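Q: Could you show me how to read a few local features of a protein model, taking backbone angles, burial and packing in turn?

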Amino acid sequence: MTQTTLSRRGFMKAAAATGAALAAASVPLLETADAAFADGSVERVMHKTACHGCTNCCPVRVYTEDGRVVKIEGDPDGPLNKGGVCLKCLSQIQTVYSPRHVLHPMKRVGERGENKWRPSAGTRPWTWPASRSPRP
Ligand code: SF4
């Protein structure tokens, strides 16, 4: 196994060179992506809510643009988390918009382990039969 040595000074030089190369190549940065928001054509709305990633229910701020979640951050007014959240919370945007996100109660149609499912008949998205509701 080969061992590479990189000094702190060498690392800083490489990082500066990489940054300069990206800037020269006009790689879109976050500021570019937020241009539409900055010019006021998109309304960003902040919603105070709680993360449901676990039973801590940390207070969070969820930002939406045109009804689509664009950012989640911890709520600094939260008495316990004081603005801190874990990665599980921050990754919930990916969970919500994942094509594999289950939007309906599903019923197994194949044998156990075949992973064949269909939306349960007579149910609407985000509704559960009262007898199986996760909440009282
Ligand atoms: S931020 Fe993390 S610890 Fe807090 S409720 Fe969400 S998953 Fe749980």
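A: What follows is a short dialogue on this predicted model.

Q: Which residues have a positive phi although they are not glycine, among them one in the loop between strand E2 and strand E3?

A: Most residues other than glycine have a negative phi. Here Asp66, found in the loop between strand E2 (59-65) and strand E3 (68-74), has a positive phi of about 55°. Asn115, which lies in the loop between strand E4 (106-108) and strand E5 (117-119), has a positive phi of about 60°.

Q: Is Asp66 buried or exposed, and how does one decide?

A: The idea is to count C-beta atoms around the residue, and a residue is exposed if 12 or fewer others lie within 10 Å of its own. Asp66 has 9 C-beta neighbours inside 10 Å and therefore counts as exposed; Asn115 counts as exposed because it has 8.

Q: What do length and burial say about helix H1?

A: An α-helix has 3.6 residues a turn, so residues three or four places apart point the same way. Helix H1 (residues 8-24) has 17 residues and spans 24 Å from its first C-alpha to its last, close to the 24 Å expected at 1.5 Å a residue. The helix H1 is hardly covered, since the count of buried residues among its 17 residues is 0.

Q: Which residues make up the largest nonpolar core?

A: That core has 6 residues in all, namely Cys51, Cys58, Val60, Val62, Val85 and Cys89. Leaving aside neighbours within four places in sequence, Cys89 is in contact with Cys51, Gly53, Cys58, Val60 and Ile72.

Notes: Residues numbered from 1 in each chain as written. Predicted model: local features only at pLDDT ≥ 70, side-chain atom pairs only at ≥ 80, totals over all residues. Helix = DSSP H or I, 4+ residues; strand = E, 2+ residues; numbered from the N terminus. Buried ≥ 20, exposed ≤ 12 C-beta atoms within 10 Å, placed from the backbone. Expected span 1.5 Å × (residues − 1). Core = buried A, V, L, I, M, F, W, Y, C linked by C-beta atoms within 7 Å. Contact = placed C-beta atoms within 7 Å.
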